[in-house]
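Please open the model in a viewer and keep a selection panel at hand. The stops below are arranged so that each selection leads to the next.

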Amino acid sequence: MRGDPIQRAIDEDLVRVLYAQDAMAFFTHWFAIAVLVSIYWDDMPYPQRFFACFAFYAVANCASLGLWLWRRRRPDALTARNWIRLHALRGVLLYSAPGLAIWFAFHSHQADLPVLHTVMLVTLAAGVFMSNGFDVLNFSTGIIFVLLPAIVLLFGSHNFDRTILAIVLAFFFCAINIYSVSYRKLFQRVVQARVDQQQLAESLAEQKQVAEEASLAKTRFFAAASHDLRQPLHAIGLLAASLNDASVTPAQHGKTAAHIVNNVEALNQLFNQVLDLARLESGVTQVIRLHFRLDELFERVGSQYRPQAAAKGLALRIAPTTMVVHDDPVLLERVLSNLLSNAVRYTEDGAIWLGLRRAGRRGGGYIEVRDSGIGIPAAEQERIFEEFYQVANPQRDARQGHGLGLPTVKRLVGLLGGELALRSAPGRGSVFRFSVQAGDPDGIVASLSDAVVGGPSAQGRHVLCIDDDPSILEGLTSLLGRWGCVAQGVRDEALALRALAEGFVPDAVLCDYQLANHRTGAQALSAVRDALQRNGHEGAVMLLITGDMASGELAMLATQGIPVLHKPVTPARLRRTLETLWQQAQRDGARATA
Ligand code: ADP
């Protein structure tokens, strides 16, 4: 309960209000002592006991001031709860003397003393209510000592007037207790509202900072992106203009055309990188996990970078591993390619190491890409994961990259369920590391090169393609034909259903997302699936192809496991996806019949 932030805030506020009036109360209690002593002065019963009682009252009052001063000087000396408890003890000491002193009134010869003393106590009770009513402990201990002895003695006096006074006092005692309950609730609500408001203000301030940082990041992103896109465009514009120059020789024309091609290629690469990142951001990239041998993938990427490394005199070492992992080989290959290309780019001598470390991890390990290169200063180690951020390329020379590799790697690793860690020191190289899950050697369905570029199982497969663009349909069916598939292309859902009705039984249905007449590929696939099920053909795999990235429906389809490929789809990616889907369907079918 006390760990609760609201309770803590209530306690802290209670301490503030309880102690706030204690300095003033010191004078009030001296005034009460003076008034009480003066009304007893003429006829003081048991003077020694009387003076002892009032001396105790005076000492308790001074101790209360001492406590107030202590809290002012050392507010952190005790916890809020202990300050509250100590204040309640002070109340017991302070109010017991005047409360119990009413006993003297009943032993005095002055008949009006009990009433006068009672009036004095009611005034003190009002003070207890005002200054301690917020806290149950302080209020109840104080009020009991102030009023209960008077009520008991007035009742016990067997005098009609005093009994009436006792009843009124008892009523007052009950009323003041009931009021203090509402008083406490009100106090708690006020504190709660204050805490809520404070939390709201803090969260707003936090959100504002996040929004400001995001806005700054966006500004930097656009500044860098527009620079990097403008640069090759500008070059292409200038080069293209020079093609019109009649004085330029054919040899020079050839050179210019080659420069144009290079710049177009650079622009294309940059666009692809930006689109890849945007796809990852929008959550539509699908992870297709397979069981495969990690050393096959290491060898695949390693062989791509070995010539570049060798050209710089660097050794590229791949640690042998027998591990089978369960991961998306295509996405993992992109991660490793990016990391290896950086390692080669930022290392001038020494070696690059790619390998797996178990590091005591059961059911997996960590893939590490190490280099002995220039390293990354600690201050830059977070920023290098921002889009377009580069440590040492103020001129934004496109030959040194664009600063999109690591942001892509970080998102890919996150998508694959890992976390990218970096250890680096300037001049001592860098280590990028992330976790992978162990796979099942019995679950390996194809060699990795088949899984990545497509295996032989497309031969003879029937594929139905739905796309309202005739040229895409033509390209797709002829590509499938070259793979040995029997492909039929149709332009909409109705024609697809007609093809099925005419006896075409597909092994796969490929469908564009945006179809004519406001129909979507998701609707068409669902109609085709229903028609196939009605005819007892359930084995066909479905695949959506789209150029749309922001659609919420697409993200939903991706989470539901309906495969979505994004344009431009490379033939290798299409084939790998189809092969994987067929292999998965085959395995699922075998399991179902087993
Ligand atoms: P790019 O390499 O295209 O500039 P990245 O996003 O891949 O973009 O990397 C961002 C920055 O991080 C690079 O500009 C470079 O300064 C730094 N960096 C990345 N990898 C390494 C590495 N292995 N060694 C040293 N610096 C690196």
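Throughout this tour, buried means under 20% relative accessible area, exposed means over 50%, and partly exposed lies in between (1.4 Å probe, protein chains only). The model is predicted: local features need pLDDT of at least 70, side-chain atom pairs count only at pLDDT 80 or more, and totals for chains, interfaces and linings use all residues. Residues are numbered from 1 along each chain as its sequence is written, and side-chain values use heavy atoms, with hydrogens and water left out.

**Stop 1: two loop residues**

Select H158, in the loop between α7 (136-156) and α8; helices (H or I, at least four residues) and strands (E, at least two) are DSSP runs, numbered from the N terminus. With a relative accessible area of 75%, H158 is exposed. Most residues other than glycine have a negative phi. H158, which is not a glycine, has a positive phi of about 50°.

Move next to N517, in the loop between β10 and α16 (521-534). N517 also is not a glycine and has a positive phi, here about 55°. Its relative accessible area of 67% makes N517 exposed.

**Stop 2: the open sheet**

Display the open sheet of 5 strands, ordered β9-β8-β10-β11-β12 with parallel pairing; two strands pair if DSSP finds at least two bridges between them. At the edges lie β9 (486-490) and β12 (564-566), each pairing on one side only. On average, neighbouring strands of this sheet are turned by 20° against each other, direction ignored; axes are lines fitted to C-alpha atoms, for helices over the stretch in contact, and angles run from 0 to 180 degrees between N-to-C directions.

Now add helix α15 (residues 493-501), which packs on the sheet and touches β8 (462-466) and β9. The direction of α15 makes about 160° with that of β8. Contact here means heavy atoms within 4.5 Å.

Narrow the view to β10 (residues 508-512) and β11 (residues 541-546), which run parallel and are joined by 5 bridges. C511 stands opposite L544 in β11.

**Stop 3: D512**

Which UniProt feature is placed at D512? The unreviewed entry gives "modified residue: 4-aspartylphosphate"; UniProt positions are given in the numbering used here, feature names are shortened, and annotations may be inferred rather than shown by experiment. D512 lies in strand β10 and counts as buried at 6% relative accessibility. Beyond its neighbours within four places in sequence, D512 has contacts that include D467, D468, T546 and K567.

**Stop 4: aromatic pairs**

The structure holds 16 aromatic pairs. Rings of Phe, Tyr and Trp (its six-membered ring) pair if their centres lie within 6.5 Å; planes under 30 degrees apart count as stacked, over 60 as edge-to-face and the rest as tilted.

Select W70 and W83: their ring centres are 4.9 Å apart and their planes stand at 65°, so the pair is edge-to-face. W70 belongs to helix α3 (residues 47-73) and W83 to helix α4 (residues 80-100), so the pair ties together parts that are 13 residues apart in sequence. W70 is partly exposed at 36% relative accessibility, whereas W83 is buried at 1%.

Continue to F129 and Y183, a stacked pair with 4.9 Å centre to centre and 20° between the planes. F129 is buried, with a relative accessible area of 16%, and Y183 is partly exposed, with 22%.
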